[in-house]
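Trainee: Please take a close look at the ligand site for me. Start with what sits around the ligand, then work outwards to the strands.

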Amino acid sequence: MQKRDTVALNLTESHKTVQNIKKRGGFTVSIADAAHVTEADYFGIVSGNKEPHKFEKSGLTAEKSAAVDAPIITEFPICLECEFVEYQSNAYGVGVIGKVVNVTADESVMVGDKVDMSLVNAIAFDPYTHGYYKVTERVGEAFSDGNKLK
Ligand SMILES: Cc1cc2nc3c(=O)[nH]c(=O)nc-3n(C[C@H](O)[C@H](O)[C@H](O)COP(=O)(O)O)c2cc1C
């Protein structure tokens, strides 16, 4: 059965992030925007296993999630609050599995009661050239554009 409230994060088990997730039974997934690409990259290149003040050094701020035992980073526009389900470490395991129990978004990226992704300026990572790219423009309608070729 497919569950649409599930996230799967391919995270190495020894990372501080995974240890924290297991300990707290919850975690958050933030969507970083282009304005905070330096801070997002810093989170990726420094480990909390070696730098005890990792978060403080990023210069970002956080508040406690009301739904799970994890911080919500204030400066990032979208945050998924998740309960930890399991860590899959078998040969084809995907790592951290979580259940999304709440989503928060800045007013600045909302139009009515929906997030407008064109306002988020989300960053995407290209692992082949090590570049960060901005996701900005809506180019099509899912479950609909393909109908033109039927
Ligand atoms: C752009 C980028 C993408 C990364 N993607 C992953 C990933 O998908 N899975 C992973 O386990 N580590 C990934 N890393 C590496 C971790 O973020 C890195 O090992 C970090 O120091 C872990 O921090 P922690 O020990 O505080 O959790 C990535 C790093 C960067 C810069």
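Mentor: What follows begins at the ligand and then moves out through the fold.

A word on the ground rules: this is a predicted model, where local features need pLDDT of at least 70 and side-chain atom pairs count only at pLDDT 80 or more, while totals for chains, interfaces and linings use all residues. Residues are numbered from 1 along each chain as its sequence is written, and side-chain values use heavy atoms, with hydrogens and water left out.

Now the site. The ligand has 16 residues around it, and N10, T12, T17, S47 and G48 are the closest of them; to count as near, a residue needs a heavy atom within 4 Å. Sorted by type, this shell holds six nonpolar, seven polar and three charged residues. Glycine goes with the polar set here, the charged set is Asp, Glu, Lys and Arg, and nonpolar covers Ala, Val, Leu, Ile, Met, Phe, Trp, Tyr, Cys and Pro.

Look at the oxygen atoms of the ligand next. T17 puts a polar side-chain atom 2.4 Å from a ligand oxygen. For S47, a side-chain N or O atom is 2.6 Å from an oxygen of the ligand. K16 comes in through its backbone instead, with an N or O atom 2.9 Å from a ligand oxygen. On its own the ligand has 650 Å² of accessible area, and the protein covers 69% of that (Shrake-Rupley, 1.4 Å probe). Two elements, α1 (16–24) and α2 (37–45), each give two or more residues to the shell. The biggest contributor is α2, with four residues.

Zooming out, the chain has four helices and 10 strands, taken as DSSP runs (H or I over at least four residues for a helix, E over at least two for a strand). Their order from the N terminus is β-α-β-α-α-β-β-β-β-β-β-α-β-β. Along the principal axes, the C-alpha atoms fill a box of roughly 50 × 35 × 35 Å.

For the strands, a pairing needs at least two DSSP bridges. Start at β1 (residues 6–9), which runs antiparallel to β6 with four bridges between them; V7 has G98 in β6 as its bridge partner. G98 turns up again as the bridge partner of F84. The strands β5 (residues 78–88) and β6 (residues 95–105) are antiparallel and share 10 bridges. C82 is found opposite V100 of β6, and a hairpin of six residues connects β5 to β6. There is also β2 (residues 26–31), antiparallel to β5 through six bridges, where S30 is matched with C79.

Another hairpin to click on is made by β9 (residues 122–126) and β10 (residues 131–135), an antiparallel pair with five bridges. A122 has V135 of β10 as its bridge partner. Four residues lie between these two strands, and H130 in the turn shows a positive phi of about 60 degrees.

To pull the site back together: T17 and S47 reach ligand oxygen atoms with their side chains, K16 does so with its backbone, and α2 supplies the most shell residues.

Technical notes
A polar contact is a pair of N or O atoms within 3.5 Å; within protein, one must be able to donate a hydrogen and the other to accept it, and residues adjacent in sequence count only if both atoms are side-chain atoms.
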